[in-house]
Amino acid sequence: MTFNFRDTSLVPIWEKIQKGERLSMADGLALYATPDLISLGKMANFAQQQKSGDAVYFVLNQKIEHTNICVLSCKFCDFAVKKGDASAYEMTTDEIVSKLTPEITEVHITGGMPADWPWERYLDIVRTIHSRYPATDVKAFTAIEIDFFHKKFRMPVEEVLRQLKDAGLKTMPGGGAEVFSERVRRRLFNQKIGAKGWFGVHKAAHRMGIPTNSTLLYGHIETLEERLDHMVQLREAQDETGGFLTFIPLAFQPGDTGIKPRNQFTSAIDDLKTIAVSRLMLDNFPHIKAYWVMLTEEVASVALNFGADDMDGTVGEERIAHDAGAISPMKLAKDQIIRIIKDAGKIPVERDVYYNPLKVHSDRVIGKIPYLNSLPFYHDFEKGPFRILPIVPRRMGILAADNQLAAGLYSLMDYYRNEASLDLLDWCIATRDQVKSVMLFSNHGWADLDGRIIGVTDETATSIQLLRLLLANKYHVKAEFRRLHAGVNDYTGYDAVLLIGDQALYHNRHGLEGYEIVYDLAAEWYEWKKMPFVFAVWAVAKNAGPEMRSALEAAIRESLANTEGRYRAIGELHGRTLRLHPEYVEEYLEGFNYTLGDREKEAMREFRKLAAEVNPGVVI
Ligand code: SF4
């Protein structure tokens with residue numbers, strides 16, 4: 001892909017991006033320095049498309065700021081007051097719960113830190129919300145608040161998190177990071193924990209299966225080098241834990257802080273550059289958020305073509321930024337958010353707190369399995385009259401059951417579950433013998449797995465069913481399956497772990513700490529049945545119409561024809577993100593059969609018969 005760069009100094013950076021090479025601090029500074037804003041946006045949009053396709057996520061959420069009383073006095077904060085101040089407030093649990101309604105799927109709680117609230121009061125907030133609205137995910141308390149609880153209530157950070165998690169906490173917001181520069185911390189928020197403390201809390205959360213967000217407060221006294229250093233530190237932590245869901249650049253609202261004149265907001269150009277640079281620097285972050293509360297709706301809308309793929313949500317009510325003079329509305333209606341996303345030419349996707357799609361607000365949307373092995377199908381899809389939603393197989397099946405997709409490459413189990421409303425097409429993802437990316441990492445041989453606990457991926461039903469069959473019918477043992485934590489690479493505490501897709505491929509190549517034996521489930525099936533294994537099949541919704549079907553079939557045919565014999569080249573970028581050599585990528589992709597022939601159909605029938613015998617229709 002080529003652009004007409006006005007600033008040709010960007011060309012070497014663009015080459016790195018296309019090859020999947022990591023950008024340096026110097027690259028980041030060059031991106032900030034460029035006057036070629038449009039090329040910067042195109043590069044960031046390209047990087048975003050690799051991760052999210054045409055999707056932009058939003059959530060129906062309610063912000064709760066339970067009190068503005070705070071023992072700290074950060075210089076940039078226009079929200080906090082001291083106890084006794086005329087504007088001080090403290091919300092009871094009942095007042096908090098009264099703000100929620102059943103359609104809210106995420107409650108986001110952050111606030112001041114009063115000296116006299118007991119620990120039980122925080123637990124009660126989380127527990128009560130969780131019990132009254134079990135379908136509402138609780139995202140609560142920044143690392144600063146967790147550290148405050150740890151010191152005030154004399155509990156280790158892990159114990160604070162464990163009790164909150166038991167009460168119903170699902171994820172944590174990313175606030176309190178500000179800028180990881182010690183120079184800025186000493187000048188603006190010297191009572192707060194610095195980078196080391198912030199990362200300590202987040203890494204502890206990730207280890208415990210609590211994914212978190214991350215932020216950068218920019219546009220005050222920080223330098224561009226300090227912004228980029230902040231991003232690089234986050235990138236390194238993400239390499240280590242994989243527990244960050246999103247990165248949120250927060251534009252500084254000057255208010256009456258005196259740090260900047262009251263109305264001297266960040267410029268739209270600085271906002272867009274920061275969104276784009278963060279998308280390009282944070283190559284291992286799944287999402288970048290355009291937080292409309294601080295950016296304004298207009299800038300957030302443009303940011304959706306500068307690398308952002310998340311609009312936050314309806315918010316409901318927000319005081320922290322508005323006390324500091326934010327000029328955005330207090331809340332947005334769901335329809336307004338959908339309109340903003342559609343105006344930007346993207347698909348509005350309503351999500352939960354983990355970024356699982358709940359509802360797709362667009363038609364002609366095709367589900368794309370976001371793994372390397374499906375790449376040859378999608379090469380020429382940009383030309384088709386449809387939109388692409390990358391989504392893991394199990395979630396694609398859930399959307400298909402709700403008739404929300406025009407077509408998709410469905411996991412075999414999901415195709416069977418929804419076959420009444422789907423027409424099977426002529427393509428699939430089938431193995432010849434081994435697969436290399438549906439792997440059981442174990443500390444025990446098959447026979448010794450009886451009664452053991454196996455952590456199983458949250459991403460598919462077919463591979464789980466295959467594992468269940470192998471255990472029951474081939475090895476005659478029974479194990480207990482437990483779902484792995486969504487969004488967190490924490491594989492501790494199991495006797496074996498089942499992974500699929502890119503995660504499995506990566507760990508098959510690089511090893512999975514704590515597990516010594518690796519089983520390839522397709523190779524196990526082949527050894528047993530002497531058949532290929534069909535993991536996924538293409539199917540189109542019966543109500544999608546003949547035009548849609550023929551356009552899709554043409555796109556698939558063209559993609560497969562154009563990619564045949566070129567797997568090394570087309571898989572190079574994706575492979576690099578998994579640290580795989582192009583030769584290995586080529587060998588891996590050559591191991592698949594993408595055409596649904598008679599042998600594959602026979603293997604499908606055999607799997608279906610056995611699955612029905614062993615555990616009919618079970619989804620764990
Ligand atoms: S930024 Fe947070 S910790 Fe600092 S004074 Fe404001 S509410 Fe308190």
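This is a short walk through the cores, the ligand shell and the cavities of the structure. The model is predicted.

Start with the nonpolar interior. The largest nonpolar core holds 116 residues. Within this core, Met 43, Ile 146 and Met 311 touch the most other members. Take Met 43 as a way in. Leaving aside neighbours within four places in sequence, Met 43 is in contact with Phe 3, Phe 5, Leu 10, Trp 14 and Ile 17. Leu 31 and Leu 280 are also contacts of Met 43. Another core lies apart from the largest one. This other core has 94 residues. Val 349, Val 537, Met 548 and Tyr 594 are among them.

Now turn to the ligand. Which residues are around the ligand? They include three cysteines, Cys 70, Cys 74 and Cys 77. Leu 72, Ala 80, Met 113 and Lys 192 are also around the ligand. By class, the shell has 6 nonpolar residues and 1 charged residue. No polar residue belongs to this shell.

Last come the enclosed spaces. The count comes to 6 cavities of 30 Å³ or more. Look at the second largest cavity, with about 170 Å³ of space. Its lining has 17 residues. Tyr 371, Asn 373, Pro 393, Ile 500 and Phe 535 are the closest to the centre of the second largest cavity. Helix 19 (462-474) supplies at least two residues of this lining, and so does strand 21 (534-541). By class, the lining of the second largest cavity divides into 10 nonpolar and 7 polar residues. Charged residues are absent from that lining, whereas the ligand shell has 1.

Technical notes:
Residues are numbered from 1 along each chain as its sequence is written. This is a predicted model: local features need pLDDT of at least 70, side-chain atom pairs count only at pLDDT 80 or more; totals for chains, interfaces and linings use all residues. Side-chain values use heavy atoms; hydrogens and water are left out. A nonpolar core is a set of buried Ala, Val, Leu, Ile, Met, Phe, Trp, Tyr and Cys residues joined through side-chain atoms within 4.5 Å. Buried means under 20% relative accessible area, exposed over 50%, partly exposed in between (1.4 Å probe, protein chains only). Contact means heavy atoms within 4.5 Å. A residue is near a molecule or strand if one of its heavy atoms lies within 4 Å of it. Ala, Val, Leu, Ile, Met, Phe, Trp, Tyr, Cys and Pro count as nonpolar, Asp, Glu, Lys and Arg as charged, and the others, Gly among them, as polar. On a 1 Å grid over the protein atoms alone, a cavity is a set of points where a 1.4 Å probe fits but cannot get out, and a pocket is an open set with protein on both sides within 12 Å along at least five of seven lines; lining residues have an atom within 4 Å of a point. Grid points are joined across faces, edges and corners, and a volume is the space filled by probe spheres set on the points. Helices (H or I, at least four residues) and strands (E, at least two) are DSSP runs, numbered from the N terminus.
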